[in-house]
Amino acid sequence: MQPRNMSMSGVVDLAAVKAAQEAKAKAEQARAEAARRGEGGDAGSGVSSASLVIDVDEAGFEQDVLQRSTEVPVVIDFWAEWCEPCKQLSPLLERLAAEYNGRFVLAKIDVDANQMLMQQFGIQGIPAVFAVVAGQALPLFQGAAPEAQIRGTLDQLIQVAEERFGLTGLTVDADAQPGEAPAAPEVPAGPYDALLEAAVQALDAGDFGGAVQAYKNVLSDDPGNTEAKLGLAQAELLHRVQGADPQQVRKEAADKPGDVQAQIAAADLDLVGGHVEDAFGRLVDTVARTAGDDRDAARVRLLELFEVVGADDPRVTAARRALGRALF
């Protein structure tokens, strides 16, 4: 696996919501399969606390980290015996794994014995801490860090894993023996799973209008559904740019800097192409030099693009500050 550098708020690209939903679906499928394999066992059993901290090598990485990450976030501690900061950080991470009681699993990787994994993760120095969630890797921090900072990072990780991928962690049973296989709980279907699945299928088919309607159907009954809100914002963006001629859109924006609608259309293309700062900067500049309905149109579209990227993304935070300065 070649890990990707991900922000805590998730991937931002053409199909960010689709990727998140597919990963969530895979995670749910894996948990359901695990439940079927565990049929006939003790329904009340769970993992032992000792199973929350595991030693991982290259041979077991696929099963112990990638597959496990479809059930629970896996935090990876890259360490070595000669590393003095590791001797402070590793016991702290082990203590937090026990304290968080199944909300994440700590995988310890000795870099001296697993050089290939160290190279694949692009690690320049240790200690280095990564996480894998639903098969997707993201860096957490490098070097020793204060406990309060580590707790904050873990809290963010757990929140993202639950909200984006439906990973609620493992059930820890104090009576379970180390190495004992847990019986995975049955995962009931949510009340909007069919509608959300319909939206994903519409995205797969390029039916962005259908995806928009499917997400709206969810939000009409559950206005606070975060997955549907994110999905709607991104499906609407994809619907707007569908069929657009990028060269023509950009030419009009360059030729008509005072045309608000031309700037809005170009900002949509910027975001779809992954140029997040360019999209935000274009609309902030438009807000700054316009007034009345034109200013409001640019402001509203900028807020809609914030929804696409995610409120926790630092680029959104910076753009919000810039928008505030442009408005006031």
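Me: Is Cys86 buried or exposed, and what is its relative accessible area?
Reply: In this predicted model, a residue counts as buried when its relative accessible area is under 20%. Cys86 falls under that cut-off and is therefore buried, with a relative accessible area of 2%.

Me: Which residue is joined to Cys86 by a disulfide?
Reply: A search of the whole structure finds one disulfide, and the distance from S to S in it is 2.4 Å. The partner of Cys86 counts as buried, at 2% relative accessibility. The residue that the disulfide joins to Cys86 is Cys83.

Me: Is the disulfide of Cys83 and Cys86 right-handed or left-handed?
Reply: The handedness can be read from the torsion about the S-S bond, which for Cys83 and Cys86 is about 80°. With that torsion, the disulfide is right-handed.

Me: In what order do the five strands of the open sheet stand?
Reply: Strands of a sheet pair through backbone hydrogen bonds, either parallel or antiparallel. In this open sheet the pairing is mixed, and the edge strands, each of which pairs on one side only, are E1 (53-55) and E5. From one strand to the next the twist averages 25°. The order of the five strands is E1-E3-E2-E4-E5.

Me: Do strands E2 and E3 run parallel or antiparallel?
Reply: Strand E2 covers residues 74-79 and strand E3 covers residues 105-110, with six bridges joining them. Within this pairing, Phe78 stands opposite Ile109 in E3. The two strands, E2 and E3, run parallel.

Me: Which residue in the turn of the hairpin formed by E4 and E5 has a positive phi?
Reply: Strand E4 (residues 128-133) is joined to E5 by six bridges, and the two run antiparallel. Val133 stands opposite Gln136 in E5, and the hairpin has two residues between its strands. The residue in the turn with a positive phi, of about 50°, is Ala134.

Me: How many of the seven residues of strand E5 are buried?
Reply: Strand E5 spans residues 136-142 and is one of the edge strands of the sheet, pairing on one side only. Even so, E5 is largely enclosed by the rest of the structure, because the number of its seven residues that are buried is five.

Me: What kind of aromatic pair do Phe78 and Phe130 form?
Reply: Phe78 lies in strand E2 and Phe130 in strand E4, so the pair ties together parts that are 52 residues apart in sequence. Both Phe78 and Phe130 are buried, and they belong to one aromatic cluster together with Phe61 and Phe121. Planes over 60 degrees apart count as edge-to-face. The ring centres of Phe78 and Phe130 are 6.0 Å apart and their planes are at 85°, so the pair is edge-to-face.

Me: Which helix gives the largest share of the largest nonpolar core?
Reply: The largest nonpolar core has 29 residues, and those with the most contacts inside it include Leu237, Leu271 and Leu305. Among the elements that give two or more residues to this core are helix H8 (226-241), helix H10 (260-272) and helix H12 (292-309). The largest share, seven residues, comes from H10.

Conventions:
Residues numbered from 1 in each chain as written. Predicted model: local features only at pLDDT ≥ 70, side-chain atom pairs only at ≥ 80, totals over all residues. Heavy atoms only, no water. Disulfide = S-S within 2.5 Å. Buried < 20%, exposed > 50% of the residue type's maximum accessible area, 1.4 Å probe, protein only. Helix = DSSP H or I, 4+ residues; strand = E, 2+ residues; numbered from the N terminus. Pairing = 2+ DSSP bridges. Core = buried A, V, L, I, M, F, W, Y, C linked by side-chain atoms within 4.5 Å. Axes fitted to C-alpha atoms, helices over the stretch in contact; angles between N-to-C directions. Phe/Tyr/Trp six-rings, centres within 6.5 Å; stacked < 30°, edge-to-face > 60°.
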